[in-house]
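This report describes a protein chain for a reader who has its sequence and its structure at hand. Please keep both in view while reading.

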Amino acid sequence: MKRGWKEAGNPPTEQEEQAGVQLTMLGMYTLLLLWGLATPCLGLLETVGTLARIDKDELGKAIQNSLVGGPILQNVLGTVTSVNQGLLGAGGLLGGGGLLSYGGIFSLVEELSGLKIEELTLPKVSIKLLSGFGVQLSLHTKVSLHGSGPLVGLLQLAAEVNVSSKVALGMSPRGTPILVLKRCNTLLGHISVMSGLLPTPIFGLVEQTLCKVLPGLLCPVVDSVLSVVNELLGATLSLVPLGPLGSVEFTLATLPLISNQYIELDINPIVKSIAGDVIDFPKPRLPVKVPPKEDHTSQVTVPLYLFSTVFGLLQTNGALDLDITSEMVPRNIPLTTTDLAALAPEALGKLPPGQHLLLSLRVTKSPMVLLQNKKATVSIPVTIHVLSSVPQGTSVALFQMNGVMTLNAHLAPSTTKLHISLSLERLSVQLASSFSQPFDASRLEEWFSDVVRAAYMQRLNEHLEVGIPLPKILNVNFANSVVDVIENAVVLTVAP
């Protein structure tokens, strides 16, 4: 026997909804609900934040995953009705004062007891983003029920149910995105008698019972799902370590924006020291023209500020400084006064040949990162002190060079960070004006470059293993994303 779709439960009135909103605002968790969100627009991003555009497919995947292998569906299984309690018991549909009190044909079914949900199939998740509000979430499932009674014997039923809910997207007091259930209805579909006999009047009673009881059983499933998803959204606020440099904390800079295809989050990166103090490097307000997002893809835009901050931390911590000795370079790169004399004899002074040299590299200014035209480069101003290294003695200063190392940055994404490795493109140097015997410093550039490639770049790339942290949003994995260097930012794009 089958019946068509029938709405279960009564939707809340407008007054009830207003009262619910007031209670929410007065509660511990005051939420900024987005009843009037603007639609995300393309154009210039004038903040220094990390812009994330999460496709609705990722939200659907997170909801589906929350239902697989967890206790959410298991908690629904169990008794729906039993003798003398519940909807078919005293005070219920059959009870005194109930909708269908004892007497007449329904007195024959008072012993229809132990109606239980034995199985709940994995719901099919369907979501629709509501521009300017939140999410329309539908869970389509099949419910298997078992029961017994004097007229029906052992009874097995199967019912199709669609749980439809309206969910608002807002920002929690902690500064994270949060989904809030605003309305939930269940729509009862086909009811099939798999075994047993169910007379038409009793069938109607069962149908009414399910219509009354299913919202209370299945709408909490939506609440449980949203709790799991909100935990994932809450991870956006997590601290991402930067190794010995400190950490980065991500928070929402503005309210989330919603279009019909994706959720847009403007995320503010807060850099902290190991001690937990906020490190406020200068934030250049450089506009970023964010490229359009294709359907079924998610994006995260990493601003220039984060790159500059990482290199600024390396510089202030002294990680960019290095003393290079002959033991740190291969034999084919000579580092002695003899080799220096062959390139610039004026620099040797009165020192004899054959002595080892010490190159002391010092970075006293923050490196400059340039992101444009699909290329990332880093310029590091460096002072190179050239000294004669005397074993068990005092080193003798020969001369000082001021230079700029131009480095090519190679970017490789992983699940949690954007990795950077650098290679030397060129090194330009000039002799410091304090040297008494000027000479053409360009003759030393190739030699200096070989030394830097052999000794300095390896050490620098070891420090850069901290990478550029990426925000955690719904466990979106950017490891296989496409990297695009645009003006003043890097865009990572990944398909679900």
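## A buried aromatic residue and its surroundings

Phe448 has a relative accessibility of 1% and therefore counts as buried, the cut-off being under 20%. The model in which this value was computed is a predicted one.

Leaving out residues up to four places away in sequence, Phe448 touches Leu359, Ile384, Val386, Phe399, Met401, Leu427 and Val429. Phe448 is also named, together with Phe399 and Tyr456, among the residues with the most contacts inside the largest nonpolar core, which has 130 residues. The element that gives the most to this core is helix α3, with 15 residues. Apart from this core lies another, of six residues, including Leu51, Val288, Ala489 and Val491. In soluble globular proteins, nonpolar side chains tend to be buried together.

Phe448 also takes part in an aromatic pair. A pair of aromatic rings is described by the distance of the centres and the angle of the planes. A search of the whole structure finds one such pair. The ring centres of Trp447 and Phe448 are 5.1 Å apart and the planes stand at 35°, so the pair is tilted. Trp447 has a relative accessibility of 8%, so Trp447 counts as buried.

## The packing of two helices

The protein contains six helices and 26 strands. Two packed helices are described by the angle between their axes and the distance between the axes. Helix α2, residues 56-67, packs against helix α3, residues 200-234, at an angle of about 120°, and their axes are 9 Å apart. The crossing of α2 and α3 is right-handed.

Which residues in α2 and α3 meet? From α2 come Leu59, Ala62, Ile63, Ser66 and Leu67, and from α3 come Val221, Val225, Val228, Val229 and Leu232. Nine residues of this contact are nonpolar, one is polar and none is charged.

## Two residues with positive phi

Most residues other than glycine have a negative phi, and most peptide bonds are trans. The table lists two residues with a positive value.

| Residue | Phi | Place | Relative accessible area |
|---|---|---|---|
| His296 | near 65° | loop between β16 (288-290) and β17 (298-303) | 44%, partly exposed |
| Lys374 | near 60° | loop between β20 (368-372) and β21 (375-389) | 65%, exposed |

Why does Lys374 count as exposed? The relative accessible area of Lys374 is 65%, and exposed means over 50%. His296, at 44%, is partly exposed because its value lies between the cut-offs of 20% and 50%.

## A strand residue and its contacts

Glu119 lies in strand β7, which covers residues 113-120. With a relative accessible area of 44%, Glu119 is partly exposed. Apart from its neighbours within four places in sequence, Glu119 is in contact with Leu77, Lys142, Val143 and Ser144. The C-alpha atoms of Glu119 and Leu145 are separated by 7.2 Å, although these residues are 26 residues apart along the chain.

## The protein as a whole

How many of the residues of the protein count as buried? Of its 496 residues, 49% do. Among contacts between residues at least 6 apart in sequence, 70% join residues at least 24 apart.

Methods. Residues numbered from 1 in each chain as written. Predicted model: local features only at pLDDT ≥ 70, side-chain atom pairs only at ≥ 80, totals over all residues. Heavy atoms only, no water. Axes fitted to C-alpha atoms, helices over the stretch in contact; angles between N-to-C directions. Helix = DSSP H or I, 4+ residues; strand = E, 2+ residues; numbered from the N terminus. Left-handed = near helix turned anticlockwise from the far one by under 90°. Contact = heavy atoms within 4.5 Å. Nonpolar A, V, L, I, M, F, W, Y, C, P; charged D, E, K, R; others polar. Core = buried A, V, L, I, M, F, W, Y, C linked by side-chain atoms within 4.5 Å. Buried < 20%, exposed > 50% of the residue type's maximum accessible area, 1.4 Å probe, protein only. Phe/Tyr/Trp six-rings, centres within 6.5 Å; stacked < 30°, edge-to-face > 60°.
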